[in-house]
Amino acid sequence: MQKNGVSETKTLEISDWQQELALFTEADINKPAWKNSYKVDSGANKLLYTAKEADLRVQKITINFANEGQVKQIAISTQSTNLLYHTTENLLFVADSAYRIEKHQKVLLLGANDYLINGKF
């Protein structure tokens, strides 16, 4: 883990993977209200969802597939803004291997913080 450039390394046994990867599952764009809110592009072994509106929390999802059609990697970019804060997140999940969470948060009166979490399994 890294906060504002200061690193800390720990070996942990994750007991609740649902909670650990909640930021990934919260980036669900499969809601009826957002049916026409994302542009979908596909290519060889790749699927890309891009928000058509700047105020949507999930701005981009990229899914890369292995040659066998299995999901190899998922990358998600999110943003959230209101009068008190602005947050951006870049999430990366590599199947059967690792995940990465990068977060930049700027809170009125409290300043900015940058977080980086790398997890391996």
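1. Let's start with the largest nonpolar core of this predicted model. This core has 15 residues, and Phe24, Tyr38, Val58, Ile61 and Ile76 are the members that touch the most others. If you are finding your way around, these five make good places to begin looking.

2. Where does the core draw its residues from? Strands S4 (46-51), S5 (58-65) and S8 (98-107) are the elements that contribute two or more residues. The largest share, three residues, is supplied by S5.

3. Isoleucine 76 deserves a visit of its own. Setting aside its neighbours within four places in sequence, isoleucine 76 is in contact with Phe24, Ala27, Val58, Lys60, Ile61, Glu89, Asn90 and Leu91. Among them, Phe24, Val58 and Ile61 also appear with isoleucine 76 in the group of core members that touch the most others.

4. Now for the loops. Aspartate 96 sits in the loop between strand S7 (85-94) and S8. Please note its backbone: phi is positive, about 55 degrees, although aspartate 96 is not a glycine. Is this residue buried or exposed? Aspartate 96 counts as exposed because its relative accessibility is 74%, and the cut-off for that label is over 50%.

5. On the other side of S8, the loop that leads to strand S9 (111-120) holds leucine 109. Leucine 109 is another non-glycine residue with a positive phi, here near 75 degrees. Its relative accessibility is 82%, so leucine 109 counts as exposed.

Methods: Residues numbered from 1 in each chain as written. Predicted model: local features only at pLDDT ≥ 70, side-chain atom pairs only at ≥ 80, totals over all residues. Heavy atoms only, no water. Core = buried A, V, L, I, M, F, W, Y, C linked by side-chain atoms within 4.5 Å. Buried < 20%, exposed > 50% of the residue type's maximum accessible area, 1.4 Å probe, protein only. Helix = DSSP H or I, 4+ residues; strand = E, 2+ residues; numbered from the N terminus. Contact = heavy atoms within 4.5 Å.
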